[in-house]
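This dialogue is for a reader who wishes to learn how the features of a protein model are read. A learner asks, and a teacher replies.

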Amino acid sequence: MERIPTAAPVAAIVLAAGLGTRMKSALPKALHAVGGRPVIGHIAHELGRLGVAKAVLVVGPGMEGVLAAARAAAPDVAFEAAIQTDRLGTAHAALHARTALDGFAGDVLVALGDAPFVSAETFAKLLAALRADPKPALAVLGVRVPAPNSFGRLVVSASGDLERIVEAKEASAEEARIDFVNSGVMAFDGAGLFDLLAGIGNANAKGEYYLTDAVERARAAGRAVRAVEGARDEWRAADDKVQLAELEAWFQAKKREAAMRAGVTLVDPASVWFSHDTEIGADTVVGPATFFGPGVRIGRNVEIKGFCHFEGATVADGAILGPYARLRPGAAIGPGAHIGNFVEIKNASVEAGAKVNHLTYIGDARVGAKANIGAGTITCNYDGFGKFHTDIGAGAFVGSNASLVAPVKIGDGAIIGAGSVVARDVPADALAIERAPLTVREGWAKMFRTRRAAEKAAKKKG
């Protein structure tokens, strides 16, 4: 993870109490996923890159999952939750972090819990604006929007000071033409933050306490306020499932472009689906309709033939996968290995040059180098209560439709006859066969057909 160092200690307040009402979901807004990661996870990750020492998540009652997701995404950041029972506006929400940040003397970021794509670089740029002399009370992140519509306009002086934020419905004709709008993301001089917020009133139509009023209060106290321009693409949030899908589409387009520019061939880019942490090496070819879930690392010169589904898996250089291969968590595919059509690998290693080419399940197992696993083979790893391991040695050959009942070990170079059920260890270079004797009754099939046809005819007459 590339870090963006800051010059002084930084804390963060993340406003993440949104209920997801317009999502029509019981899941809080911050826990809806983009790129295989909750929205709050994206924000936490960027705060981690920034080296934030402490972060307070302002959440509603019963939203413990938001805190857990943030901690999972950025374990180096000390996250703490502050519960906002009554949602009375953004300033009211930010004030809930006062106890948690008592005694903190550095600068404080205020981020939005439904905006996943603000980068550590942008947060750092916003914090840098607080280092002017004299030190501003706060800095506001603004973005350029061609048709600003209902967004609050940032009125900036020639010297770069933010004079005020004008709500769209209150803007004059000249102010309405301003395309520089408020993103809602801010950075404050932590020394006076909570005194500044405590003085904000709610004399407005909604009776709420707005964080944007901090600009007016700071200027009234003789403090400077700065506006910093951020990237339009980073200012994206979702209030409903339609907007969530739009976030996902934007994310996927960026990931596909980045992969191709890094030397990955996507045969049909629009049908390939990435997660936030997908890694693919140069000269790998990815066929159509391939899905990369979280935790996937693909090496160089890998051929993925399409219609594959991967999650929590690693693939070494030169492997060939698919079509219709599924790698589940814990799958580790070695260099030059072949994983073919309708093969599922779970919590198992397939070592260099091994082949598992058709209609096979390999779970909780090791397949040794250059072993060959026949079509229809399964490792019987679960007895209804526990999981057990299968070890298949290097150069072993397992015939089609074999069942390997774990725990079991197949030695190096051993051969398992097709159709066998193997429930005990097989030594190296041995042949193991388990089959019932073949019984042949000549003419039986003809007699069976004749008898059944006569029975059917008799029923029709009756």
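The turns below take up strands, cores, backbone angles and a pocket.

Q: What kind of model is this?

A: This is a predicted model.

Q: How should a sheet be read, and in what order do the 10 strands of the open sheet stand?

A: A sheet is read from strand to neighbouring strand. Here the order is E12-E14-E17-E20-E23-E25-E27-E30-E33-E35, and the pairing is parallel. Strand E12 (265-266) and strand E35 (431-432) are the edge strands, each of them paired on one side only.

Q: How many bridges join strand E33 to E35, and what is the bridge partner of Ile-415?

A: Strand E33 (residues 415-416) is joined to E35 by two bridges, and the two run parallel. Ile-415 has Leu-431 as its bridge partner in E35.

Q: In which sense does E7 pair with E10, and in which with E11?

A: Each pair of strands is considered in turn. With E10, E7 pairs in the antiparallel sense over six bridges. Within that pairing, Val-140 stands opposite Met-186 in E10. With E11, E7 pairs in the parallel sense over five bridges, and Leu-138 stands opposite Val-225 in E11.

Q: Why is E7 described as largely enclosed by the rest of the structure?

A: The description rests on burial: E7 is largely enclosed because six of its seven residues are buried.

Q: How does one read the buried side of a helix, and which residues of helix H4 are buried?

A: An α-helix has 3.6 residues a turn, so residues three or four places apart point the same way. In helix H4 (residues 120-128), the buried residues are Ala-120, Thr-122, Phe-123, Ala-124, Leu-126 and Leu-127. Their packing partners are strand E1 (10-15), H1, strand E6 (107-112), strand E7 (138-144), strand E10 (180-188) and strand E11 (225-229).

Q: What is the general idea behind a nonpolar core, and how many residues has the largest one?

A: In soluble globular proteins, nonpolar side chains tend to be buried together. The largest nonpolar core in this model has 85 residues, and those with the most contacts inside it are Ile-13, Ile-40, Leu-47, Phe-79, Leu-109 and Leu-138. A second, separate core has 47 residues, among them Ala-319, Ala-325, Ile-373 and Val-408.

Q: With which residues is Ile-13 in contact, leaving aside neighbours within four places in sequence?

A: The contacts of Ile-13 include Val-56, Val-58, Ala-94, Ala-97 and Leu-101. Val-108, Leu-109, Val-110, Ala-111, Leu-193 and Phe-194 are also in contact with Ile-13.

Q: Is Ala-354 buried or exposed?

A: Ala-354 counts as buried because its relative accessibility is 0%. Its place is in the loop between strand E24 (344-350) and strand E25 (355-358). Ala-354 touches Ala-337, His-338, Val-367, Gly-368, Lys-370 and Ala-371, not counting residues up to four places away in sequence. Ala-354 and Ala-371 are 17 residues apart in sequence, while their C-alpha atoms are 4.7 Å apart in space.

Q: How are unusual backbone values recognised?

A: Most residues other than glycine have a negative phi, and most peptide bonds are trans. In this model, Ala-289 has a positive phi near 55 degrees, and so has Phe-307, also near 55 degrees. Ala-289 is found in the loop between strand E14 (285-286) and strand E15 (291-292), and Phe-307 in the loop between strand E17 (303-304) and strand E18 (309-310). Ala-289 is partly exposed, with a relative accessible area of 31%; Phe-307 is partly exposed, at 41%.

Q: Which peptide bond leading to Pro-323 is cis, and which leading to Pro-407?

A: The bond from Gly-322 to Pro-323 is cis, with omega near 0 degrees. Pro-323 lies in the loop between strand E20 (320-321) and strand E21 (326-327). The bond from Ala-406 to Pro-407 is cis, with omega near 0 degrees, and Pro-407 lies in the loop between strand E31 (403-405) and strand E32 (408-410).

Q: How is a pocket found, and how much space lies in the second largest pocket?

A: Rolling a probe the size of a water molecule over the atoms shows where empty space is left. The second largest pocket holds about 630 Å³ of space. It is lined by 20 residues, of which His-42, His-45, Glu-46, Arg-49 and His-276 are the closest to its centre. Helix H1 (39-50) and helix H8 (241-261) are the elements that give two or more residues to this lining. By kind, the lining residues are seven nonpolar, four polar and nine charged.

Note on methods: Residues are numbered from 1 along each chain as its sequence is written. This is a predicted model: local features need pLDDT of at least 70, side-chain atom pairs count only at pLDDT 80 or more; totals for chains, interfaces and linings use all residues. Side-chain values use heavy atoms; hydrogens and water are left out. On a 1 Å grid over the protein atoms alone, a cavity is a set of points where a 1.4 Å probe fits but cannot get out, and a pocket is an open set with protein on both sides within 12 Å along at least five of seven lines; lining residues have an atom within 4 Å of a point. Grid points are joined across faces, edges and corners, and a volume is the space filled by probe spheres set on the points. Helices (H or I, at least four residues) and strands (E, at least two) are DSSP runs, numbered from the N terminus. Ala, Val, Leu, Ile, Met, Phe, Trp, Tyr, Cys and Pro count as nonpolar, Asp, Glu, Lys and Arg as charged, and the others, Gly among them, as polar. Buried means under 20% relative accessible area, exposed over 50%, partly exposed in between (1.4 Å probe, protein chains only). Two strands pair if DSSP finds at least two bridges between them. Contact means heavy atoms within 4.5 Å. A nonpolar core is a set of buried Ala, Val, Leu, Ile, Met, Phe, Trp, Tyr and Cys residues joined through side-chain atoms within 4.5 Å.
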